[in-house]
Amino acid sequence: MVQNFTIVADGKNRLEVLSRITAVLLQKQIPVEKLFFDSSGNGVGRIKIFCQTEREDILKRAVNQIGSMVDIFQAYYIEDKKR
């Protein structure tokens, strides 16, 4: 059954961070539905990615890989029950 998830990653406000995150999701074949980027004034940004997948284990591995990137401070995912 397809589930909706939101991935949240806090990190440096740099374009290459976004490129690396999307590359990980592409590699794991996780389709991105929506992507939002919020920037604060102190060089920190928050990326929110809405996606759908049947395999939560693959999503969890992708989020762990994103969280281990150099410019990412924290990364986590939550299941969206409302969407």
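Start with the whole chain: with 83 residues, a compact globule would have a radius of gyration near 12 Å, and the protein has 12 Å, which agrees. That radius is taken over C-alpha atoms, and the globule rule is 2.2 Å times the number of residues to the power 0.38. This is a predicted model, in which local features need pLDDT of at least 70 and side-chain atom pairs count only at pLDDT 80 or more, while totals for chains, interfaces and linings use all residues. Residues are numbered from 1 along each chain as its sequence is written, and side-chain values use heavy atoms, leaving out hydrogens and water.

Next, show the cartoon. There are 2 helices and 4 strands, in the order β-α-β-β-α-β along the sequence. Helices (H or I, at least four residues) and strands (E, at least two) are DSSP runs, numbered from the N terminus.

Now select residues 15-27, helix α1, and residues 56-67, helix α2. They pack at an angle of about 155°, with their axes 10 Å apart. The two helices are therefore roughly antiparallel to each other (angles over 145 degrees count as such, on a scale from 0 to 180 degrees between N-to-C directions, with axes fitted to C-alpha atoms over the stretch in contact).

Then show side chains. On α1, pick I21, V24, L25 and Q27; on α2, pick A62, Q65 and I66: these residues make the contact (heavy atoms within 4.5 Å).

Finally, color by burial. Buried residues make up 35% of the 83 residues (buried means under 20% relative accessible area, with a 1.4 Å probe and protein chains only).

Terms used. Parallel < 35°, antiparallel > 145°, perpendicular 65-115°, else oblique. Buried < 20%, exposed > 50% of the residue type's maximum accessible area, 1.4 Å probe, protein only.
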